[in-house]
Amino acid sequence: MGEDTDTRKINHSFLRDHSYVTEADIISTVEFNHTGELLATGDKGGRVVIFQREPESKHAPHGQGEYDVYSTFQSHEPEFDYLKSLEIEEKINKIKWLPQQNAAHSLLSTNDKTIKLWKITERDKRPEGYNLKDEEGKLKDLSTVTSLQVPVLKPMDLMVEVSPRRVFANGHTYHINSISVNSDCETYMSADDLRINLWHLAITDRSFNIVDIKPANMEDLTEVITASEFHPHHCNLFVYSSSKGSLRLCDMRAAALCDKHSKLFEEPEDPSNRSFFSEIISSVSDVKFSHSGRYMLTRDYLTVKVWDLNMEARPIETYQVHDYLRSKLCSLYENDCIFDKFECAWNGSDSVIMTGAYNNFFRMFDRNTKRDVTLEASRESSKPRAVLKPRRVCVGGKRRRDDISVDSLDFTKKILHTAWHPAENIIAIAATNNLYIFQDKVNSDMH
Amino acid sequence: MFARGLKRKCLEEDVPADPVQRQSLLDMSLVKLQLCHMLAEPNLCRSVLIANTVRQIQEEMTQDRSWCLPGPQTVGRAPRDRLMSTEILCRSAWAGPPPAPDPADLASALQVVPAAQAPRASLGGSWDRAGPGESRGGFPRSLDQVFETLESHGPGAVEELFSDVDGSYYDLDAVLTGMVGSAKSGPEGLETFPHPASSKFRWVNFLKLSFICLRQYFVLRYIF
């Protein structure tokens, strides 16, 4: 980690990349908080690392702050389920920040089975001048105390303290794939493959099951829940996606058990594109509401789709992420890459969407101009102060100099987790065990 | 980074796969399911997707059969084809890197089976060139491997085998049941489980039997 401390001092101007090696562990989730001041990452080792954006300082002439490590803590430990004789992985599947309500920050982190609420507080003052204790904390000899003094608060080096406030355990039989905090700031939901539970943030011994798609006979199981999210403004609405490519919008006011959806978003299958892999590639790996709450973004294996909540028949926009893989599905099925779950993200103004791909590439689509770009997150191609160069994958035909051919793509280098700052053009990209933070200096503000 | 497996050409997206490619895709899927379930806690989403793919392939195979002209496509062939693929699956799952049955091999194997009276010999024979580890003697040995694998999970493994709460284990049963069940015209009532050694196409049932045997084995071992 020595390299990390050194990179903190680097100042930057243009598009920059910082790479933080998180102790050879693979990053499994990335999430900005609601202001974008903090960025949390979870890894396979159960650790959470929080980065904080330095305030605009006099040292950096261009004024924008960089992200430095703020706190690191072990969120989940490997567990052993004695009843089933199974190890429970400590890998952090998802982190979600709670809206900040006081000086402390709170976040929820989850592994396959247990969700934990962590409170992050700062301490930068300590009391000095006790009457009964000396500076080291040892009790004073009372005979030496001749007068009373009032302890005063003196500044000290900033200390970040993280403490687990709640542990929400034993709510799930299957593996938790997503958590989502409700806009009411009191409840949140957690979804596993077959069920979704609603929790109150203050109550750990009880949760309500709001969706249950487990069939009476497990042999009839053909569909699982892959992701879910609460609506950003309407506390009664949430959406969940399935492995068959459908989205279900549910209203909690309708019934206690929301097995009946209020709206079903499903695109009819294109018969000309049908193959044995059609179902697998239609499985939705991530669903995100837009900041406005009007749209939803879904990611399946080859595309990202924008859905309008008012139209269930089909998405309003479809973007091809890596269509050149369509003819390679058999090989990708063989090496299991077809089961990779990519995430997707909106920018703050809902005008640009982003998602990851293979070979450490990630893609951005501008919904207004309909232009897209492929960028690469790697040390070799990201020198300090350099502008990221757009990349291109060539599929036969004319090949330009820096193009990569489909066959030389590295399928072990996949960008599954990405996050976009809620207000500015800053993105966090997790490439295996490296975290890249890119800033757009030229267009800092959303447009 | 490609998993070891049967080499085959990529299926083109819009090609209704020819039988050999479809068969090899089925094999691959079955291998994956088997390997899935060898894990202590299989990824349910993955299992479901693969199981659905298997079902889809089998539906198409059954449809094709019902469309097919007379000839080698007799009704009794259906289960054998499936079972054949399961044997490849068995060998590849238990006995290390599988051979690469190219279309010629499969075709010859398909022709060999109906003619043979000692089908185990013929089945074994058609794979003789696969290598030293792939002999018929490898079969009971692979059963031992299965025992070992499950045993190494420890005493708690019996709970896992019986687990109702985590129903994902049922997926394997579901697939096997689906396979067996969809062979509507399969001979000898494939639901029964005769002794494996005596049957010529009991590989599917043998798998189920082996798991049942293992369950009973664990029950006996740990309850008494």
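**Figure 1. The N-terminal stretch of chain A has low confidence in this predicted model.** Over residues 1-24 of chain A, pLDDT stays under 50. The model nevertheless has 67 contacts beyond four places in sequence for this stretch. Where pLDDT is low, the predicted coordinates should not be read in detail. For chain A as a whole, the mean pLDDT is 89. Of its residues, 90% reach 70 or more.

**Figure 2. Chain A holds three helices and 32 strands.** Its C-alpha atoms fill a box of roughly 95 × 55 × 40 Å along the principal axes. The radius of gyration is 24 Å. That agrees with the value near 22 Å for a compact globule of 447 residues. Buried residues account for 54% of the chain. The accessible surface of chain A is about 20500 Å², and carbon and sulfur atoms hold 50% of that area. Take the contacts in chain A between residues at least 6 apart in sequence: 53% of them join residues at least 24 apart.

**Figure 3. Chain B has nine helices and zero strands.** Along the sequence, the pattern of chain B reads α-α-α-α-α-α-α-α-α. Of its 224 residues, 50% are buried. Its accessible surface comes to about 10600 Å². Carbon and sulfur atoms contribute 62% of that surface. Among contacts in chain B between residues at least 6 apart in sequence, those joining residues at least 24 apart make up 70%.

**Figure 4. The largest nonpolar core draws on both chains.** This core has 53 residues. A:Tyr301, A:Leu325, A:Tyr333 and A:Ile338 touch the most other members. Elements of chain A that give two or more residues include helix 2 (278-282), strand 21 (295-299), strand 22 (303-308) and helix 3 (329-334). Strand 24 (344-346) and strand 26 (361-366) of chain A also give two or more. From chain B come helix 1 (19-38) and helix 2 (44-67). Helix 2 of chain B gives the most, with nine residues. In soluble globular proteins, nonpolar side chains tend to be buried together. Apart from this core lies another, of 15 residues. Its members include A:Ala345, A:Phe362, A:Leu388 and A:Ile429.

**Figure 5. A:Tyr333 has contacts in both chains.** Neighbours within four places in sequence are left aside here. Within chain A, A:Tyr333 is in contact with A:Phe277, A:Ile280, A:Ile338 and A:Phe339. In chain B, its partners are B:Leu25, B:Met28, B:Ser29, B:Lys32, B:Ile50 and B:Thr53. A:Tyr333 is also among the core residues that touch the most other members.

**Figure 6. B:Cys36 and B:Cys45 are buried cysteines without a disulfide.** The closest cysteine sulfur to that of B:Cys36 belongs to B:Cys45, 10 Å away. That is too far for a bond, since a disulfide needs sulfur atoms within 2.5 Å. B:Cys45 is likewise in no disulfide, and its nearest cysteine sulfur is that of B:Cys36. Relative accessibility is 2% for B:Cys36 and 3% for B:Cys45. Both values fall under the 20% cut-off, so B:Cys36 and B:Cys45 count as buried. A search of the whole structure finds zero disulfides over all chains.

**Figure 7. A:Val48 is a buried residue of strand 4 in chain A.** Strand 4 spans residues 47-53. The relative accessibility of A:Val48 is 0%. Beyond its neighbours within four places in sequence, A:Val48 is in contact with A:Thr41, A:Gly42, A:Ser71, A:Thr72 and A:Phe73, among them. Contacts also include A:Ser75, A:Ile92 and A:Ile95. A:Val48 and A:Ile95 are 47 residues apart in sequence. Their C-alpha atoms are 8.8 Å apart in space.

**Figure 8. A:Cys185 and A:Asp350 are loop residues with positive phi.** Most residues other than glycine have a negative phi. Phi of A:Cys185 is near 60°. A:Cys185 lies in the loop between strand 12 (178-181) and strand 13 (187-191) of chain A. With a relative accessible area of 25%, A:Cys185 is partly exposed. A:Asp350 has a phi of about 60°. A:Asp350 lies in the loop between strand 24 and strand 25 (352-356) of chain A. At 9% relative accessibility, A:Asp350 counts as buried.

Definitions and conventions:
Residues numbered from 1 in each chain as written. Chains lettered and ligands numbered in written order. Predicted model: local features only at pLDDT ≥ 70, side-chain atom pairs only at ≥ 80, totals over all residues. Heavy atoms only, no water. Core = buried A, V, L, I, M, F, W, Y, C linked by side-chain atoms within 4.5 Å. Buried < 20%, exposed > 50% of the residue type's maximum accessible area, 1.4 Å probe, protein only. Helix = DSSP H or I, 4+ residues; strand = E, 2+ residues; numbered from the N terminus. Contact = heavy atoms within 4.5 Å. Rg over C-alpha atoms; globule rule 2.2 N^0.38 Å. Areas by Shrake-Rupley, 256 points an atom, 1.4 Å probe, with all protein chains shown as cover. pLDDT = per-residue confidence, 0-100.
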